[in-house]
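Hello,

Here is the structure I promised to pass on to you. Please have it open while you read, and I will walk you through what turned up.

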Amino acid sequence: MTSISTHVLDTSLGKPAQGVPVELAQQVGGEWKALGASATDADGRCKDLPVPDLASGTVLRLRFTTGGAFFPEVSIVFDVDPAQAHYHVPLLLNPFGYSVYRGS
């Protein structure tokens with residue numbers, strides 16, 4: 001089974017972003033189906049996102065509700081391969097920008 005985790009860092013403060021709501025959804029027939037939600041912990045990590053059995057070519061979305069930032073929401077859409085055991089998708093966030101990458 002594939003697992004998904006994320007880590008949100010506030011680069012303007014140089015520390016983890018605690019309490020950021022995160023939703024995981026799967027694209028099904030052109031629509032988004034919510035799979036579950038959580039929030040980042042004191043270390044800015046979200047390790048408890050549920051992931052169902054996935055087929056090749058599955059498209060997932062992590063949606064972060066960033067609140068008072070210039071970007072009130074950040075959506076990251078990515079393809080998954082069920083042969084990959086884990087996907088870690090960190091978000092580097094500051095008041096006027098963000099970046100993401102595939103972590104390990």
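Below are some notes on the salt bridges and on the nonpolar core.

One thing to keep in mind from the start: this is a predicted model.

**Salt bridges**

The structure contains three salt bridges. A good place to begin is Glu23, which is joined with Arg61 and Arg63 in a salt-bridge network.

In the pair formed by Arg61 and Glu23, the N to O distance is 3.3 Å. These two residues come from distant parts of the chain: Arg61 sits in strand β6 (residues 58-65) and Glu23 in strand β3 (residues 21-28), 38 residues apart.

Are Arg61 and Glu23 buried or exposed? The cut-off for buried is under 20% relative accessible area. Arg61 has 12%, so Arg61 is buried. Glu23 has 19%, so Glu23 is buried as well.

The other partner of Glu23 in this network is Arg63, with the closest N and O atoms 3.0 Å apart. Because Arg63 belongs to strand β6 and Glu23 to strand β3, this salt bridge ties together parts of the chain that are 40 residues apart in sequence. Arg63 has a relative accessibility of 26% and therefore counts as partly exposed.

The remaining salt bridge is between the side chains of Asp43 and Arg45, at 2.9 Å from N to O. Here Asp43 is partly exposed, with 39% relative accessibility. Arg45 is partly exposed too, with a relative accessible area of 28%.

**The nonpolar core**

Now for the other part of the picture. In soluble globular proteins, nonpolar side chains tend to be buried together.

Which residues touch the most other members of the largest nonpolar core? They are Ile4, Leu62, Phe64 and Phe78, out of the 21 residues in this core. Two or more residues come from each of these elements: β1 (3-10), β3, β5 (45-49), β6, β7 (73-80) and β9 (91-94). The largest share belongs to β7, which gives four residues.

Phe78 is worth a look on your screen. Leaving aside residues up to four places away in sequence, Phe78 touches Ile4, Thr58, Val59, Leu60, Leu62 and Val89. Among these contacts of Phe78 are Ile4 and Leu62, both named above for touching the most other core members.

If you would like a route through the model, start at Glu23 with its network partners Arg61 and Arg63, then move on to Phe78 and the residues Phe78 touches.

Best wishes

Terms used. Residues are numbered from 1 along each chain as its sequence is written. This is a predicted model: local features need pLDDT of at least 70, side-chain atom pairs count only at pLDDT 80 or more; totals for chains, interfaces and linings use all residues. Side-chain values use heavy atoms; hydrogens and water are left out. A salt bridge is a side-chain nitrogen of Lys or Arg within 4 Å of a carboxyl oxygen of Asp or Glu. Buried means under 20% relative accessible area, exposed over 50%, partly exposed in between (1.4 Å probe, protein chains only). A nonpolar core is a set of buried Ala, Val, Leu, Ile, Met, Phe, Trp, Tyr and Cys residues joined through side-chain atoms within 4.5 Å. Contact means heavy atoms within 4.5 Å.
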